[in-house]
Amino acid sequence: MKIGIVCYPTFGGSGVVATELGKHLAQMGHKVHFITYSQPVRLDILVENIYYHEVNVQDYPLFQYQPYELALSSKMVDTVLNEGLELLHVHYAIPHAYAAYMAKQILKEKGIDIPVITTLHGTDITLVGKNPSYKPAVTFSINHSDIVTCVSNSLKMDTLRFFPVRKDILVVPNFIDVSLYQGEVNCKKAQLAPEGERILTHVSNFRKVKRVKDVVSIFALIHAEIPSRLVLIGDGPERERAEEQAKELGIFEQLIFLGKTTEVHRVLCMSDLFLLPSDSESFGLAALEAMAAKVPVLSSNAGGLPEVNIDGVTGFTADVGDVETLARKGIALLKDEARFQQFRMQAFEKAKEFEIERILPQYLELYDRALGMYKKPKSRKKGAR
Ligand code: GMT
């Protein structure tokens, strides 16, 4: 198949999922064309069957806001025509599903019917999408996609609750290549913490929804009982506030900010606990990555998190903002080595349920279904009944 993937090229979960999906499809022999505004962070482009098409937005002084979706639609049209793409799979509704609808209509005028699959990822529904400034366009683009998927049951419920959607929404959970998190050769804890200290880790885009202040609070409570460090990966608007909070609590020295590193797997390999106390989280890919590295998770029970992090099995969940419960349970777990090791294995076993080999066939089946929607019926031979 010749597949066009549209995504955000950043560290965000939707971009990571789209990139990993494309890489695995390419390994299977499909031709995968990424269409986005810069090279996706986890994508090597000099690889067989991978192609990258950059969307260029003209910077024209008349525009206060540059019309990205126009440039994206045009790029999709050109790529479909030049490369003979058979389907478009867009990740994150805003503006990708909307731009794909436009591209589809333009191509129709040229006699080309191209199926569009839209995958909803979370904030495109729960945070940004339901804002009145976007809601009509998001509803329209969902209803006009040929196939719509979302990454958890929780996100499906949210979509149906917030939008008047006529389309059937299929749940295809996020996935992980578990092998990437195994057999790390350079896993020396001493690189991050003195001997005897535990390592707690948080990975995110440091937006408000991640409640980084709760991450610091949970860590402060655990650190008061157990010598430990907090490793923070990623960057975003809440980072400075987290630094201030840590200074106020007198634990700043225990924090290690690594920024937007691509070596998350190396840090996870040294980690004892992973913290994700988000306000809302459609799935929590970062938690799944931790579990694949055998790191138990302390998370909120918001959105799709309980579908990934099973309370009392792979880690612990608590109501949003309940930092005391998570800290208390985390401390107890770290103090009970046998139980801690059991949780590590249980986290790993749960992560294997989301192994890419299990999930990828679900997308392939949907691609087949989408292509079937536009297959022209074979013309009957003269005289045939
Ligand atoms: O806010 C983020 O975490 C980024 C965002 C994105 O779209 O890149 O993540 C969303 O999609 C991920 C991949 O499907 C999910 O694992 C995250 O839970 C989801 N984030 C939220 O719902 C807040």
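Okay, a definition to start: when I say helix, I mean a DSSP run of H or I with at least four residues, numbered from the N terminus. With that in hand, the largest share of the lining of the largest cavity, four residues, comes from H1. One caveat before I go on: this is a predicted model.

So, the cavity. Searching the whole structure for cavities of 30 Å³ or more turns up one. The largest cavity holds about 90 Å³ of space. It has 13 lining residues, and the ones closest to the centre are Glu20, Arg42, Phe175, Ile176 and Asp177. By type, the lining splits into eight nonpolar residues, four charged and one polar.

Which helices each supply at least two residues of that lining? Those are H1, at 13–27, and H10, at 285–292.

Now the domains. The assignment gives us two pieces to talk about: domain 1, which is 2–175 plus 356–373, and domain 2, which is 178–352. Both of them feed the cavity, with at least three lining residues drawn from each. Their centres, taken over C-alpha atoms, sit 30 Å apart.

On the interface itself, 17 residues of domain 1 touch 14 residues of domain 2. Together the two domains bury about 1200 Å², and 60% of that is on carbon and sulfur atoms.

How many salt bridges run between domain 1 and domain 2? The count there is one. Keep Arg42 in mind from the cavity list, where it was among the residues closest to the centre. Arg42 forms a salt bridge with Glu289, and the closest N and O atoms are 3.0 Å apart. Glu289 falls in the H10 range, 285–292, while Arg42 falls in the first segment of domain 1, 2–175. As a reminder, side chains of opposite charge can pair when their charged atoms come close.

Zooming out, the whole structure has 21 salt bridges. Another one I'd pull up on screen is Asp158 with Arg161, where the closest N and O atoms are 2.4 Å apart. Both of those residues lie in helix H6, residues 153–162, and they're three residues apart, about one turn of the helix.

Last stop, some backbone geometry. Have a look at the loop between strand E4, 87–91, and helix H3, 96–109, which is where Pro95 sits. The peptide bond joining Ile94 and Pro95 is cis, with omega at about -10°. Tyr92 is in the loop between E4 and H3 too. And what is the sign of phi at Tyr92, positive or negative? Positive, at about 85°, although Tyr92 is not a glycine.

That's my tour: the cavity, the domains, the salt bridges and that loop. Over to you.

How values were computed:
Residues numbered from 1 in each chain as written. Predicted model: local features only at pLDDT ≥ 70, side-chain atom pairs only at ≥ 80, totals over all residues. Heavy atoms only, no water. 1 Å grid on protein atoms, 1.4 Å probe; cavity = no way out; pocket = protein on both sides within 12 Å on 5 of 7 lines; lining within 4 Å. Points joined across faces, edges and corners; volume = space filled by probe spheres on them. Nonpolar A, V, L, I, M, F, W, Y, C, P; charged D, E, K, R; others polar. Domains from an automatic or database assignment. Contact = heavy atoms within 4.5 Å. Buried area = accessible area lost by both parts, 1.4 Å probe. Salt bridge = Lys/Arg side-chain N within 4 Å of Asp/Glu carboxyl O.
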